Amino acid sequence: MRLERRFFARDTLQVARDLLGRRLVRVMEGRRLAGRIVEVEAYVGEEDEASHASPGMTERNTSMYGPPGHAYVYLIYGMHTCFNVVTGQTGFPAAVLVRALEPADGLEAMRERRGGRPDEQLTSGPGRLCEALGIDLRFDGVDLCAPEASLFLEVGDPVHDERVANGPRINVRGDETAVNVPWRFYVEKNRYVSR
């Protein structure tokens, strides 16, 4: 069952934590590629100096301003795609970066797309998971809740609190708060977590 928009139209930190265990699904050429979300990072508001929204609305970050339940997809280093889910209320820039998946469906197709790398390296990082699932800039702004969407999230199996860890986000810049705020959530001891 697909996640509904109301799931995303909530506090970003709560959505980030609750995304753990949900499934990210990409239907590509009739094949289902999917994985269980095991690591995420939250980015909240223009005051968050690590957020792409810190300079205000730009052509690159427009999707981050809503509505909730849409994708915010961008390139880093000019070559790696990153996938985020927009959260909160329309007009307020907030999103959750999906950092890692535990592969579930379409493993052979993911292996092909990732050049035969070991399974632990298929989706253990934001760029890797986008390559494995074929998520590119065409998905920026896409409605993940639309019935016909080829990229969406499913209910999956929520992760119990005792298995959830959190800490600072990885490789971010900004003030001390941006660098140290514990807005990275992950499933403890999962081999697909990026670090």
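The buried residues of helix α4 pack against β1 (23–28), β2, β4, β5 and α3 (107–113). Contact here means heavy atoms within 4.5 Å. The model is predicted: local features need pLDDT of at least 70, side-chain atom pairs count only at pLDDT 80 or more, and totals for chains, interfaces and linings use all residues. Residues are numbered from 1 along each chain as its sequence is written, and side-chain values use heavy atoms, with hydrogens and water left out.

**Helix α4**

Helices (H or I, at least four residues) and strands (E, at least two) are DSSP runs, numbered from the N terminus. Six of the eight residues of α4 are buried, so the helix is largely enclosed by the rest of the structure. Buried means under 20% relative accessible area, exposed over 50%, and partly exposed in between (1.4 Å probe, protein chains only). The buried set is Pro 126, Gly 127, Leu 129, Cys 130, Ala 132 and Leu 133.

What does Cys 130 touch? Leaving aside residues up to four places away in sequence, Cys 130 contacts Thr 81, Cys 82, Phe 83 and Ile 135. Its relative accessible area is 1%, so Cys 130 counts as buried. Met 79 is 51 residues from Cys 130 in sequence and 11 Å away in space, C-alpha to C-alpha. After α4 comes Gly 134, with a positive phi near 70°.

**Strands**

Strand β4 (residues 80–86) is mostly covered, with six of its seven residues buried. Two strands pair if DSSP finds at least two bridges between them. β4 pairs antiparallel with β3 (residues 71–76) over six bridges. Three bridges join β4 to β5 (residues 94–105), again antiparallel. Val 85 in β4 is the bridge partner of Ala 71. Val 85 also stands opposite Val 96 in β5. β3 and β4 form a hairpin with three residues between them.

**Cores**

A nonpolar core is a set of buried Ala, Val, Leu, Ile, Met, Phe, Trp, Tyr and Cys residues joined through side-chain atoms within 4.5 Å. The largest has 45 residues; Phe 8, Leu 19, Leu 24, Ile 37, Phe 83, Ile 135 and Leu 153 touch the most other members. Strand β2 (residues 31–44) gives the largest share of this core, five residues. Another core, of 13 residues, lies apart from it and includes Tyr 72, Cys 82, Leu 97 and Val 172.

**Largest pocket**

On a 1 Å grid over the protein atoms alone, a pocket is an open set of points where a 1.4 Å probe fits, with protein on both sides within 12 Å along at least five of seven lines; lining residues have an atom within 4 Å of a point. The largest pocket has a volume of about 910 Å³, the space filled by probe spheres set on the points, which are joined across faces, edges and corners. Of its 35 lining residues, the closest to its centre are Tyr 74, Ile 76, Tyr 77, Ile 170 and Asn 171. β2, β3, β4, β5 and α4 each give two or more residues to the lining.

**Backbone exceptions**

Most residues other than glycine have a negative phi, and most peptide bonds are trans. The peptide bond from Gly 66 to Pro 67 is cis, with omega near 5°. Pro 67 sits in the loop between β2 and β3. The table lists residues with positive phi.

| Residue | Phi | Place |
|---|---|---|
| Tyr 77 | about 55° | turn of the β3 and β4 hairpin |
| Asn 171 | near 55° | loop between β7 (164–167) and α5 (176–180) |
| Lys 189 | about 65° | segment after β8 (184–187) |

Asn 171 is exposed, at 62% relative accessible area. Lys 189 is exposed too, at 87%.
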